[in-house]
Amino acid sequence: MVRNRKIAYIFSGTLVLVSFCALIIWGLKPGIDFTGGSLLEANYPNNRPDIAKIQASVNALGFGNVSIQLAGDSGIIVRSKDLSQEEHQKLLAALNIDGKIAEEKNFNSIGPVIGKELRQKSWIAIILVAVMIILYIAFAFRKVSLPVSSSQGGTLASWKYGVVAVLALIHDVTIPTGTFALLGHFKGIEVDTLFITALLTTLGFSVHDTIVVFDRIRENLKKQIGLSFDDTVEISIRQTMARSIITSMTVIFVLVALLIFGPASTKYFSLALLIGVVFGTYSSICLASPLLVSWKKWSEKRKLRK
Amino acid sequence: MGYFIAAPYLNPGSIFDRFPFRLGLDLKGGVHLVYKADTSSISPGDIGEAMAGLRDVIERRVNFFGVTEPIVQVEQTGSSLNPLEKEQRLIVELPGITNLDEAIKLIGATPYLEFKTERPEAERDEILAAQKNNQRMNEDPYFVSTQLTGRYLKKATLNFDRTTYAPSILLEFNDEGGKIFAQITKENVGKRVAIYLDGAPISVPVVREEITNGHAQITGDFKPEEAKELVRNLNSGALPIPITLISQQSIGATLGGITLNRGLWAGIIGILAVAVFLIIWYRLPGLIAVFALCIYIVLVLLLFKLIPVTLTAAGIAGFILSVGMAVDANILIFERMKEEVRLGKTLQTAMEEGFRRAWPSIRDSNISSIITCIILYWMGTSMVKGFALTLGIGVLASMFSAITISRTFLLALGLKEIKWYVIAK
């Protein structure tokens, strides 16, 4: 892993770069949770059709994500993207099923579910999470900063472990986001509140996975296993590899089950998570720990130059 | 293991119904409230901004009394191009909570704070004269509204006078509000400025000089209890615009019953696959891990019921992630045990070492998860909060289950033969 780290760097760097480009050029396609849209309220005076039938009929219109809710005893509420007058009429027609006529009560425009406050606060929260993780790792790994043995050739400051963990985290979150920017552009896939949840989950998983490997490096440094820092990191990765892969496999089992057997509305949620988990595992093995080695080599070179 | 999750849904009328899960809007539906906002005092250009502010205040307010993950959305009636003719509404959807009246009361109790200045005398007399003839009854003859409302409030604090112990409320405006307040006080030196709360004047002080520090003091005739409640209400959100409830109806789930069932079955299949895998790969310890995980899942679900936590798709995602982390803790321990056995240690020592050595990584990875949860819970609203809460509870419970339950069973069984434990060398 350590020796071939440049391959991983190029691979990850390319993916992150492509993701960033996709995000900058096309951006994510925001769903109605973010943009708002239209809200139609209707009533079925004689017998309301089954919700599944309404859903199928409306989905056939191809208006993107449409949420349909039963309201009271005979009403329905339909939230969709902003509809033109023509689309509005099409939607109304689609609601008439098996001779059961829908009478429109209201047709209004609605704002986003995800407010300005949540968006602003989310950014602060993410930055705060990153800072706190760096601080916690710096604290938990403080002993790796102590001089261990001459064979290790000096040490790497513990806060650098935190920074590397956060770099891996950014990598793991950027790739699924970029993928959805591509999916949004080419397939019209929208992102919704579930997508945000998937990103948050990836964030949690990524740090968790990285720390397990770092913990082993910490232990092996203390026991002076390995001839050099590179060697210690390599041994640690190999020792934790079985666990990393097995744990990811169990999560992947659940996600693949959800992707295949689960409902249509959580399909893209499962997909986003699957990408996040796969890259989270990959980055903790092939990216995060080798980065420690590179950082150490780089700072040693700098010291020599001085 | 699937049974424990599925039972409450699949066997209606079972013992589980005594403590039902509190399911969120997307899974179970709830109630759809529509409020009408009175935007008459706001210039058309500012309406969008004011409604967005109103949305955020109400969302914060609903979250304030428990994580219920509401949906709060601005609605605009009609499609006419003139914004003045559009009616501005706010849709608030709450999950099927039991105390709906209380929720409505809480949203309604959100205070509407407003500063008004004296109306010029000529105008005042004109309105008073008209009102004698039962005209212009909706107008306030004495004061006119200003731009300054609860929208610009940063913080309210309760003070007591040192000598009289009379309570007073100190209002602190944000930068923008501070500037408006400075302007108002500058233009009205020697005149009265009225502070209105929910449409009634609570204090009418005379301005002595321009106030530029963005602080205002209300010394109304409060009882300490009233003042305390008012400060709490102001801090949890003062309304930028007054609102009235115009309709209320029950609604179904956004994700729908079929979705929920399919999702549950998919989850059960996934978890069963994990269980089978753990048993085949780790044999006896795997079986014990599956058993510990069952206890863990029941424990967490019980906590969700008792707290109670509103379960939505986001909340369930948090829970599933925590199950993943619980599985991971077991895997960490067992992998470590296998390593120790390979190093030639006896089974008993290997078990104890496995738990002891795996602990730091379980601890550090879980603490970093908990830190993330705390920040997300604290900073986030609605959905993010729900996710952080279920993940946080799950992670805490998983640290407990991996270390205590798995360990106790494994050590208690104390099987001597190595073939029960290690499959691959």
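**Notebook: helix pair, sheet, chain contact and single residues**

I began with two helices of chain A, and found that the axes of helix H8 (residues 229–261) and helix H9 (residues 267–305) of chain A come within 10 Å and cross at roughly 180°. I therefore entered H8(A) and H9(A) as roughly antiparallel to each other, since an angle over 145 degrees counts as such. For the contact of H8(A) with H9(A), I noted residues that divide into 17 nonpolar, seven polar and three charged. I keep in mind throughout that this is a predicted model.

Next I turned to a sheet in chain B. I recorded an open sheet of four strands, with the order E6-E5-E9-E10 and antiparallel pairing. Strand E6 (143–149) and strand E10 (200–203) of chain B stand at the edges with a single partner strand each, so one side of each is left without a neighbour in the sheet. From one strand to the next, I read a twist that averages 45°. Looking at one pair in detail, I found four bridges that join strand E5 (residues 113–118) of chain B to E6(B), the two running antiparallel, and I noted that B:Glu114 stands opposite B:Thr149 in E6(B). I also looked up what packs on this sheet: helix H6 (residues 175–187) of chain B does, touching E5, E6 and strand E9 (193–197) of chain B, and the direction of H6(B) makes about 150° with that of E6(B).

I then asked how many residues each chain gives to the contact between chain A and chain B. The contact takes 63 residues from chain B and 56 residues from chain A. Among the elements that give two or more residues to the side of chain B that touches chain A, I listed helix H3 (47–64), strand E3 (71–76), strand E12 (243–251) and helix H8 (256–282) of chain B. The largest share of that side, 14 residues, comes from H8(B). By class, I entered 33 nonpolar, 22 polar and eight charged residues for the side of chain B that touches chain A.

Strand pairing also crosses from one chain to the other, for I found two bridges that join strand E4 (residues 103–110) of chain A to E3(B), with the strands running antiparallel. Here A:Ile110 stands opposite B:Glu75 in E3(B).

Is B:Ile107 buried or exposed? I located B:Ile107 in helix H4 (residues 100–108) of chain B, and I entered B:Ile107 as buried because 24 other C-beta atoms lie within 10 Å, where 20 or more are needed. Leaving out residues up to four places away in sequence, I found that B:Ile107 touches B:Ile58, B:Arg61, B:Val62 and B:Val92. I also checked B:Ile107 against B:Thr163, and these two are 56 residues apart in sequence and 36 Å apart in space, C-alpha to C-alpha.

Last, I looked at backbone angles in two loops of chain A, bearing in mind that most residues other than glycine have a negative phi. Phi of A:Asp98, in contrast, is positive, near 50°; A:Asp98 is found in the loop between helix H4 (85–95) and E4 of chain A, and I entered A:Asp98 as exposed, with 9 other C-beta atoms within 10 Å. Phi of A:Gln224 is likewise positive, near 55°. A:Gln224 is found in the loop between helix H7 (193–222) and H8 of chain A, and A:Gln224 is exposed, with 12 other C-beta atoms within 10 Å, which meets the limit of 12 or fewer.

Methods. Residues are numbered from 1 along each chain as its sequence is written. Chains are lettered from A and ligands numbered from 1 in the order in which they are written. This is a predicted model: local features need pLDDT of at least 70, side-chain atom pairs count only at pLDDT 80 or more; totals for chains, interfaces and linings use all residues. Axes are lines fitted to C-alpha atoms, for helices over the stretch in contact, and angles run from 0 to 180 degrees between N-to-C directions. Angles under 35 degrees count as roughly parallel, over 145 as roughly antiparallel, 65 to 115 as roughly perpendicular and the rest as oblique. Ala, Val, Leu, Ile, Met, Phe, Trp, Tyr, Cys and Pro count as nonpolar, Asp, Glu, Lys and Arg as charged, and the others, Gly among them, as polar. Two strands pair if DSSP finds at least two bridges between them. Two residues are in contact if their C-beta atoms, placed from the backbone, lie within 7 Å.
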